[in-house]
Amino acid sequence: MNLLSVENIAKSYGIRTLFKEVSFGLADGDRVALVARNGAGKSTLLNILSGKDQSDTGKVSIRKGLSIGVLQQDPQFDLDKTVIETVLEGEAEVSKLVREYELLLEQSEHDLSADLQAKLHDAMERMTELNAWDHETEVKTLLSKLGFIEVSQKVATLSGGQRKRLALAQLLIAEPELLILDEPTNHLDIDMIEWLEGYLTSRNLTILLVTHDRYFLDRVCQRIIEIDKETLFNYDGDFPYFIERKAEREEQEASTLEKSRNLYRRELIWVRKMPRARGTKQKARTDAFDKVAEKAKGRAPEEELKLVVKMSRMGGKIIEMIHVHKSFGDKLILKDFDYTFKKGEKIGIVGKNGVGKSTLLNAIMGLEPIDSGKIQAGETIVFGYYSQTGMIGQDEKRVIEVIKDIAEFFPLADGTKMSAAQMLQRFLFSPQTQFSYVSSLSGGERRRLYLLTVLMKNPNFLILDEPTNDLDILTLGILEDFLLDFAGCVIIVSHDRYFMDKLVDHLFVFEGDGIVKDFPGNYSQWREKPSNARILSRELENVTSEKAAEKKLQEVNKKTSFSELNVSNLALKKKPTFKEKFEFDSLEKDIPSLEKEKIEITEKLGTSIDHSEISKLSERFAIVEAELELKSMRWLEMSELMQG
């Protein structure tokens, strides 16, 4: 039985039809991706399913009592609340208790009154009764995975990306039966994305999501549904299967359409020559003509986005960065960074959020001053900067006006020129859309228009900061093909691993503390490289002083392309305390017990047919798995100490 069923729904805005006769269902445990071009109605369909919008026709049936969690692109919060208050807002008794305990604990730092201490003691007892201590740990672990270390931080102080991550944390902690996720990987760094993949696939969740991240789609989803030409198509397979079957379908549609049009032309000639007095056979042929005409008026496969622009001539000298230093206060971004760019190279930049990736881009373009060193750009260099912020202050302009502000006509690579209207048509903006206001465009359409404004300046050095956000998967493929053939230089900052793997020749790896290493390969090759931590641990087996440890670390860094450890965080060997030994012994007993219980639950889930029992087993499985993960991580930390 489906948790959610969609039957023949349709949605239009004025004369524009987004989709019609859409039907599909979601059963318990389904993980489904929704794919469509920007502006085809993905977000609208999600809004209909979540109750924020209504379809024009058809119906959506939801199982009674089903809890649905929705991740929106623009989450709204009470700005005066803290991160932990927001995450636990409106949840079950255990979550409310954890929130109460957190507040009392925070107050106790400044208030030592007997009354407050009594309340804190009472809250601690109730936490024990409800087994809420593990819940608190799970919540804080999940928040830390999404980049929240200070849980008492006010929401008002968070950036837009942090608020999106907070909405995701709130949703995951609530554990609804059905998750509806609109671009869940936006504003997550690569480590967070990989953690989220594991989280979603290790639990018995029902998921419908929209994502541009093809690796994420492949690893999380089992099925793909596509809205194309107002119709929904179903693909029971992964992303490569979807691409293959879609190509076959479009080829078949094009062939059928051409046959119908040829038949229509022949029948049209007959109808025009037909005598006025119609016999029975003539009437039947006329009726058949009407059906042929209807088929012949069908839509051909949509025209694809065409990225063909003229690149400005690039001279011999491109950009040299010589002993560049850059800091913000005490935070070191670049330390003695040297690099000479070469024509045609494509460089990816990776590193955690906040390490200075965007600062490097701004410094290269001269938008951010450096503290010392030199950045010298060749005279022929023309930058094309595609930033995360996108277009600013253009909402009240019409689409055509945005392009005409740059130029009325644009030179192409083949020597011809094209008008602003023709260029917009090539970028899939219909004549009707060209005279719409920018404010009326979908998020993806705005990003596509922004991309056009960048390329229209004929750059030879492209800097792309998160270019994949809000672009649909099909448009991304075309952008990738354009960049592969682009003869100039390209720097890419992206959390889209598929995009990076397909394009970059090598990586700048931001390791923190001003260290940026050059890795000769793409993202997946970098992730597969042997860990320096393992190499270093072997090298440090007989090291007994911090000075010797620092020297050994420098030697290891010279041999390898990136570092996972910092000497300042390196603890020299010490003997464990009695308390630490007791904790380690307890972990060694608890972990096998939890592993055994996990196996038993898995076996029961495979044989049970009772719905209520399956629900209870699934809940216990999630608890056991979370506890096992936490204790295993702690065991790894403790095991190093025990070997000291």
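Select helix H1, residues 42–49, in this predicted model. The helix is mostly covered, since six of its eight residues are buried. Colour Lys42, Thr44, Leu45, Leu46, Ile48 and Leu49 to see the buried residues of H1. Then move on to glycine 51, which follows H1 and has a positive phi, near 90°.

Next, go back towards the start of the chain and select residues 2–13, strand E1, together with residues 16–27, strand E2. These two strands pair in the antiparallel sense, and eight bridges join them. Which residue of E2 stands opposite leucine 4? Leucine 26 does. Two residues lie between the strands of this hairpin, and here glycine 14 takes a positive phi near 65°.

Now display the whole chain. The chain has 644 residues, of which 45% are buried. Its secondary structure consists of 22 helices and 20 strands. Of the contacts between residues at least 6 apart in sequence, 67% join residues at least 24 apart. With the surface switched on, the accessible area comes to about 33,300 Å², and carbon and sulfur atoms account for 50% of that area.

The interior is the next stop. In soluble globular proteins, nonpolar side chains tend to be buried together. Select Val87, Leu143, Leu172 and Leu200, the residues with the most contacts inside the largest nonpolar core, which has 54 residues. Helix H6, residues 160–174, gives the most to this core, with seven residues. Centre the view on leucine 143. Setting aside residues up to four places away in sequence, leucine 143 touches Val83, Ile84, Val87, Phe148, Val151 and Ala169. A second core, separate from the one just visited, has 44 residues; Val399, Val402, Phe427 and Val490 are among them.

Continue to threonine 185, in the loop between strand E6 (178–182) and helix H7 (190–201). Is this threonine 185 buried or exposed? Its relative accessible area is 4%, so threonine 185 counts as buried, the cut-off being under 20%. To see what surrounds threonine 185, select Ile193, Thr211, His212, Asp213 and Phe216, which it touches when residues up to four places away in sequence are not counted.

Another loop deserves a visit. Select glutamate 466, found between strand E17 (461–465) and helix H16 (473–485). Glutamate 466 counts as buried because its relative accessibility is 5%. Which residues are in contact with glutamate 466, leaving aside its neighbours within four places in sequence? They are Tyr386, Gln388, Arg447, Val493, Ser494 and His495. Show the side chains of glutamate 466 and histidine 495: they make a polar contact at 3.0 Å. Then select threonine 389, which is 77 residues from glutamate 466 along the chain; the C-alpha atoms of the two residues are separated by 9.7 Å.

Finally, turn to the cysteines. Select cysteine 221, which is buried with a relative accessible area of 8%. Cysteine 489 is also buried, and its relative accessible area is 1%. A disulfide is a covalent bond between the sulfur atoms of two cysteines. How many disulfides are there in this model? With a cut-off of 2.5 Å between cysteine sulfur atoms, the count comes to zero.

Methods. Residues are numbered from 1 along each chain as its sequence is written. This is a predicted model: local features need pLDDT of at least 70, side-chain atom pairs count only at pLDDT 80 or more; totals for chains, interfaces and linings use all residues. Side-chain values use heavy atoms; hydrogens and water are left out. Two strands pair if DSSP finds at least two bridges between them. Helices (H or I, at least four residues) and strands (E, at least two) are DSSP runs, numbered from the N terminus. A nonpolar core is a set of buried Ala, Val, Leu, Ile, Met, Phe, Trp, Tyr and Cys residues joined through side-chain atoms within 4.5 Å. Buried means under 20% relative accessible area, exposed over 50%, partly exposed in between (1.4 Å probe, protein chains only). Contact means heavy atoms within 4.5 Å. Accessible areas come from the Shrake-Rupley method with a 1.4 Å probe; for residues, only the protein chains shown count as cover. A polar contact is a pair of N or O atoms within 3.5 Å; within protein, one must be able to donate a hydrogen and the other to accept it, and residues adjacent in sequence count only if both atoms are side-chain atoms.
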